[in-house]
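Hello,

Here is the structure we talked about. Please have a look at it alongside the notes below on its cavity and one of its pockets.

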Amino acid sequence: MAPAPDLARRDALLSRLVGVAWPHQPFLEVLALPPDADLLDIGAGEGALVREWRRRSTGRTEGIDPRPGAGIHRGRAEALPYMTGAFDAVLLVRTLAHLPDVSAALLEAWRVLRPGGRLVLAAHGADHLRATWHALGRPAADGGPENALRAALAEARHPALRLDVRRPISVAAADARELVDTYGLSVSANGQRFPEQDTAHLAVYLAYKTN
């Protein structure tokens, strides 16, 4: 049996290559939320994004996940334990693909947003590590995770603004081997193909609740 993917280790690797906490720090910078915004992170996991926002914020910050880390509430995206209109921003960052009922999750996220609030969906974009995977002989399909975000927003009839978070990185052969390991894959990294100049890429979609 292949080992399970290790997202925390992968983020630590990418953070080292990017030079800041990836993807949470550049993601919050591009969002430019007011510091007093009340924020909910759905699919918060170990709580890295929640902790990053709490360092910047004076507002209420909540995180929820079926398998929560410290300071994160246990719960499901399809049945949020919050009052209607409780938050200024609701985030689903690299979460949508893991939900059993995307439509129900988006309905709940929209319900707990205040008028004027932002629903924010994000996934790694088409350019994320494209050169590295190509060098490894495993070119990725264009825009798979991002296409799922667009489809979910279209089905929910939420017009959205698209933003991009991009950071240039240099990937050495040892980095590529570690990256592959975090996915639980067995792919050989030919040292002659590296270092590879690449991009860390997060695609972000913002839908505003007007009433």
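A term to settle before the notes: helices here are DSSP runs of H or I with at least four residues, numbered from the N terminus. Also keep in mind that this is a predicted model.

**The pocket**

I looked at the second largest pocket. Its volume is about 160 Å³. Which helix gives the most to its lining? That is α4, with 5 residues. α4 spans 102-111. α6 (144-156) also supplies at least two residues of this lining.

The residues that line the second largest pocket are V102, S103, L106, L107, W110, A152, E155, A156 and H158. By class, 6 of the lining residues are nonpolar, 2 are polar and 1 is charged.

**The cavity**

How many cavities of 30 Å³ or more does the structure hold? There is 1. The largest cavity encloses about 30 Å³ of space.

Around the largest cavity sit L13, L14, L17, L129, V171, D175 and L179. Two helices, α1 (7-18) and α7 (173-182), each bring at least two residues to that lining. α1 gives the most, with 3 residues. The lining of the largest cavity counts 6 nonpolar residues and 1 charged residue, with no polar ones.

**To find them on screen**

For the second largest pocket, start from α4 and α6. For the largest cavity, start from α1 and α7.

Best wishes

Key. Residues are numbered from 1 along each chain as its sequence is written. This is a predicted model: local features need pLDDT of at least 70, side-chain atom pairs count only at pLDDT 80 or more; totals for chains, interfaces and linings use all residues. Side-chain values use heavy atoms; hydrogens and water are left out. On a 1 Å grid over the protein atoms alone, a cavity is a set of points where a 1.4 Å probe fits but cannot get out, and a pocket is an open set with protein on both sides within 12 Å along at least five of seven lines; lining residues have an atom within 4 Å of a point. Grid points are joined across faces, edges and corners, and a volume is the space filled by probe spheres set on the points. Ala, Val, Leu, Ile, Met, Phe, Trp, Tyr, Cys and Pro count as nonpolar, Asp, Glu, Lys and Arg as charged, and the others, Gly among them, as polar.
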